[in-house]
Amino acid sequence: MRRFLSGALPFYALAGLAMCMYLVLYRTNLFDLNAIVQDATGSAWFLAFMFACVLLETVFPYFGYFPGTALILMSAALNPKSADVSVFIVAWLAIIVGAVLSYGQARFFRPFLQRVASKAALSRCESLFDAYGPYARVALFVHPNACAMYFTALGLLGRNLTRELAHLCLGAAASVGILFVVVTRLVSSAGATDDGQLQVLLAAALVAIGTLVGLYAAWRPDRAA
């Protein structure tokens, strides 16, 4: 059970955050997010707006679950014509820059961590990362927040960044690509509307992926034994 939770809980936490944002964005009257995104898609600053939103989402832990991915989904759902290759490239670059910034700030705070954490605790973190780190790369293909968490862990443990950049580039491309494919299919069948269903779908996907990763993490060590 412990192995299962170690693999599944990060994805479950992201799904919970996604649902919290769904409640805030779509079930309250704090602001009209649809109107904001519709105005942004018609602006000359749309690409800069999208880059900033996704970048905030991929810098961990300062911004938590900033709805950058939700804005990508909404821009495609509300105005499919605006969701072209340029948006894909901007979102891809934002994920990469955000993950590298997460790594950099973690490396900056690493000396402080070494002073407040015991050597035994750091050793346990190292052993867990050695055992489950390859599975965590799956997160790079799922969500920008997961990329940020993974690269924050890399920085805190002092791991090499350059060896992970290829996984980051591929994962970011896959993550944004999957979002675009799913959204364009939904838009073609349901029309250009958004009432939060895409955010719920994202949360459900995170739960499903977390369950699969948790099952794999729990099953593989027993098989190796």
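**Exercise 1. Work through the aromatic side chains, starting from the cluster that Phe129, Tyr150 and Phe151 form together.**

First, some ground rules. We're looking at a predicted model, where local features need pLDDT of at least 70, side-chain atom pairs count only at pLDDT 80 or more, and totals for chains, interfaces and linings use all residues. Residues are numbered from 1 along each chain as its sequence is written, and side-chain values use heavy atoms, with hydrogens and water left out.

Step 1: set the pairing rule. Rings of Phe, Tyr and Trp (its six-membered ring) pair if their centres lie within 6.5 Å; planes under 30 degrees apart are stacked, over 60 edge-to-face, and the rest tilted.

Step 2: count. Searching the whole structure turns up 3 aromatic pairs.

Step 3: classify. Phe108 and Phe109 sit 5.2 Å centre to centre with 85° between the planes, an edge-to-face pair. Tyr150 and Phe151 have ring centres 5.5 Å apart and planes at 85°, so this pair is edge-to-face.

Step 4: check exposure (buried is under 20% relative accessible area, exposed over 50%, partly exposed in between, with a 1.4 Å probe and protein chains only). Phe108 is exposed at 63%, and Phe109 is partly exposed at 36%. Tyr150, on the other hand, is buried at 5%, and Phe151 is buried at 0%.

**Exercise 2. Find the largest nonpolar core and say which helices supply at least two of its residues.**

Step 1: define it. A nonpolar core is a set of buried Ala, Val, Leu, Ile, Met, Phe, Trp, Tyr and Cys residues joined through side-chain atoms within 4.5 Å. Helices are DSSP runs of H or I with at least four residues, numbered from the N terminus.

Step 2: size it up. The largest core has 26 residues, and Met50, Val54, Ile95, Phe151 and Leu168 have the most contacts inside it.

Step 3: assign the helices. α3 (46-57), α5 (85-116), α7 (144-156) and α8 each put in at least two residues. The largest share, 8 residues, is from α5.

Step 4: zoom in on Ile95. Contact means heavy atoms within 4.5 Å. Skipping neighbours within four places in sequence, Ile95 is in contact with Val54, Thr58, Pro144, Cys147, Leu168, Ala172 and Val176.

Step 5: don't stop there. A second, separate core has 12 residues, including Phe11, Leu14, Ala203 and Leu206.

**Exercise 3. Place Gly210 and Ser175: which helices are they in, and what do they touch?**

Step 1: take Gly210. This glycine lies in α9 (residues 197-224) and counts as buried at 0% relative accessibility. Not counting residues up to four places away in sequence, Gly210 touches Gly7, Ala8, Phe11 and Tyr12. One of those, Phe11, belongs to the second core.

Step 2: take Ser175. This serine lies in α8 (residues 162-190) and is buried at 3%. With the same sequence neighbours left out, up to four places away, Ser175 touches Leu140, Phe141, Val142, His143 and Pro144.

**Exercise 4. How many salt bridges are there, and what does Glu126 pair with?**

Step 1: apply the rule. A salt bridge needs a side-chain nitrogen of Lys or Arg within 4 Å of a carboxyl oxygen of Asp or Glu. The count comes to 1.

Step 2: name the partners. Glu126 bridges to Arg159, and their closest N and O atoms are 2.7 Å apart.

Step 3: locate them. Glu126 is in helix α6 (residues 119-136) and Arg159 in the loop between α7 and α8, so the pair ties together parts 33 residues apart in sequence. Glu126 is partly exposed, at 25%.
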